Each structure stands twice: as structure tokens, then as C-alpha cells.
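Colleague: I would like a close look at one residue in this chain, followed by a connected account of what surrounds the question. Please take it slowly and explain the terms as they come up.

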Amino acid sequence: MTSRTVTLLDVARTAGVSKSTASDALQGSGRVAEATRDRVRAVAEELGYRPNSAARRLRRSSTGAIGLHLPQTATRLDYYMNLAFGAVARAQEEGFDMVLLAPEGAAGGPVATRVDGLLVIDPEVDDSAVPGLLDAGVPVVTGERYLGPTAAPTGAVICDNAASLTALLDHVTERGARRPAVLAPAGTSAWATALRATAASWGRGHGVDVALRTVPFAATPGEAEETTLDLLRTDPAVDAVICAPDGAAPGVLRAAAALGRPVGPGAPPAATTHSRKAPTLLLVASCVDGTATRSAGPPVTAVDLRPAAYGRACAELLCDILAGRTPPDTVRRHAWALETRASTTAGSA
């Protein structure tokens, strides 16, 4: 049935049920036995069935739009822009438009009259808009968990942020680091909270005193440079710096250059005049990959969170919930990858 659009009648016939039963099973409505509902959904997925979005909107008086709420600092970060593009592309495949919600207009009931559902990315406990969004009366999917005390979202797509920072810390110690430091993000998002907690717990578990410094959630390269300069001057034994914020890594590299600290295990010694020994090499890595890490000199080892795919995954879960293909309270996991480069690995390109 790949040569034409799969219809609801195709699903019903293949599953051996009536068209109305198939519709109820896919929308999560009506009195349909659980086994029948599961069978119909499995058939729909196997056939590649996609509901008619226009007809669905007419039946439900839907707006045909999904709202997207991003952190206030998102507009200048590549990560969130790529995530938004991925979410928009997936929503359009379902016939939905994407509405970017301004922070000041995101809270309260009127949102429910403008959109069918909401995507809330990296919600922070101290973001005053989030409680209103979660209580807006439409399905809400969060990118990462919400740690606040108000109503839980309808669904969530999460990354294992503790595992990704653990992988970076393991990597730099395997490359010879003995005194790693983490520039962890401030704030109350699940991502920031997990990174700070993981830096401390990894250090305890490995008997290593991890130097933990807090920087703004969306620290600029200049802020990262200033923090790194202070860190390395105060604690010159630090031989690896892992920075969290997107785009901040070039600031760490500038600080290393200013202090004559060669970056990478195979880096040539910096030019010195009166030093009695060669300066300590510095390994540099980032919790977020992007243009800044890939194009830096040297290129920086980083965790690729695959933001466009993450945005697609968030939009897909919301669309699945709206269409009745997935039950509420679903949590899906999103995979990341460690990209090793010359800032930590000799001979990397």
C-alpha cells in the first residue's frame, strides 16, 4: 500500500474491525478493548497511516497550530534554532503550523484558544510562564523534564545528561587529565541541574576533586573566557576544562592561549621566555556541539545532542498524543553522541 495514501478504511480492513472502531482506537476514544486498540495502532504504524489533518481539525474545531516555548536566551544560540527547525519540519508533516510564543505572552488561558498543543523546551522552575503553559488546557510535551511543583506535562522527550557529562569526564581522564574542571550552567532546568550534580557525584565516585565553576545558562565566549582565566590562575593544576553552554568553548580556548597553555594532548609547547618547565597541556571539551566547537582552533571535542532530531522527536510525540496514537504520560529518550576532536585527542581532525 505504499503506492498511494493509506486511508483509515485500509487500516480497518487490515485490522479486521469497522471504520468507526479503527477511528476510536487511534484517537483513544470510545469503548474499544485494549487488545483491539493495540492491534489497530500496530496495523496503522505498519501501513504508514497518517490521519487527515484537515478533516481532524474540522471535527475537533482545532486551530491547526502548535505552540513552541523556548528559554529566553534561546534566540542567540544555534542549538535552539536547529531544534526549532526540526520541530517545525515534523509539525508540518502532520499539517500543523508552529507558533513561537513570546515569553511575556506565554502564560495563562488564552494560549489554549490559539494552539492545539504546546512544546516547552528546557523548562526552568523559575520561568514564570511555565506553570501557566502546563495548565493551559491543551496537551504539553516538554523537551527535558520539568522539575517544578506544578502540573506535570502530558509527555516528555529526555536526554541522559548525566551520562553525557560522565562520558566527557571519563574521556578526558583517559587522555591523561588528573584535575578536570567543569563550567556548569546556572539555572533550574533539568539539564543544568543534572550537569552540576553529575560533576560532583563523578568526582566523589572517582576520588577526584572536580573544580566546579558556575556560568550563565547561555554564557557568551567572553564570559567563559573570564571564568576560565580566573580558574586557571587560581588553580593552575587544572588540566582539562569541560564547558557546558552552547558556543562558549572558543572563550575557553582564548583563555588558554592568553596563559600560554597549549590545548590538546599532542599540542606543541607554547613560546615561553623565563619558564623553568614546559607549561601544562590543557584538554578542552564541550557539553554541546555546534558550529563554534567544530570550527574552533583546534576543533573541540563535544557532545552532539542532535538538536534538529531532538526537535523532531518532541513534535512527533506531541502529534502522536494529539492523534491518539500514543497515550498521555509517555516519556521518550533521545540519543546523543560523543564527537572526539583535536582538543582532547592527538591526531584528531
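Does Cys 287 count as buried or exposed, and at what relative accessibility?

Modeller: Cys 287 counts as buried, at 5% relative accessibility, where buried means under 20% relative accessible area, exposed over 50% and partly exposed in between (1.4 Å probe, protein chains only). Before going further, please note that this is a predicted model, in which local features need pLDDT of at least 70 and side-chain atom pairs count only at pLDDT 80 or more, whereas totals for chains, interfaces and linings use all residues. Residues are numbered from 1 along each chain as its sequence is written, and side-chain values use heavy atoms, with hydrogens and water left out.

The sulfur of Cys 287 raises the matter of disulfides. Taking a disulfide as a pair of cysteine sulfur atoms within 2.5 Å, a search of the whole structure finds zero of them. Cys 287 is accordingly in no disulfide, and the nearest cysteine sulfur, which belongs to Cys 243, is 7.1 Å away. Another cysteine, Cys 319, is buried with a relative accessible area of 0%.

As for the wider setting, the chain has 13 helices and 12 strands, these being DSSP runs numbered from the N terminus (helices H or I, at least four residues; strands E, at least two). Buried residues make up 51% of its 349 residues. If contact means heavy atoms within 4.5 Å, then among contacts between residues at least 6 apart in sequence, 67% join residues at least 24 apart.

Helix H11, residues 249–258, shows how one element is covered: Ala 249, Gly 251, Val 252, Leu 253, Ala 255 and Ala 256 are its buried residues. They pack against strand S6 (180–185), helix H10 (221–234), strand S8 (240–243), strand S9 (283–286) and helix H12 (291–294). Arg 254, which also lies in H11, is instead partly exposed, with a relative accessible area of 40%. Apart from its neighbours within four places in sequence, Arg 254 is in contact with Pro 221, Gly 222 and Glu 225. The C-alpha atoms of Arg 254 and Leu 229 are separated by 9.0 Å, although these residues are 25 apart along the chain. After H11 comes Gly 260, whose phi is positive, near 70°.

Helix H1, residues 8–15, can be described in similar terms, with Leu 8, Asp 10, Val 11, Ala 12 and Ala 15 buried. Helix H2 (19–27) and helix H3 (34–47) are among what covers those residues. Just after H1, Gly 16 takes a positive phi of about 75°.

Two loop residues deserve mention as well. Ser 189, in the loop between S6 and H9, counts as buried at 0% relative accessibility; leaving aside its neighbours within four places in sequence, it is in contact with Asp 122, Pro 123, Glu 124, Leu 147 and Phe 217. Asp 235, in the loop between H10 and S8, is buried with a relative accessible area of 17%, and, with the same neighbours set aside, Asp 235 is in contact with Arg 179 and Ala 211.

Aromatic rings come next. Rings of Phe, Tyr and Trp (its six-membered ring) pair if their centres lie within 6.5 Å, and planes under 30 degrees apart count as stacked, over 60 as edge-to-face and the rest as tilted. By this rule the count comes to two aromatic pairs. One of them joins Tyr 79 and Tyr 80, edge-to-face at 5.0 Å centre to centre with 85° between the planes, and both of these residues are buried. The rings of Trp 191 and Phe 217 have their centres 5.4 Å apart and their planes at 85°, so this pair is edge-to-face. Because Trp 191 lies in helix H9 (residues 190–206) and Phe 217 in the loop between strand S7 (211–215) and H10, the pair ties together parts that are 26 residues apart in sequence. Trp 191 and Phe 217 are both buried.
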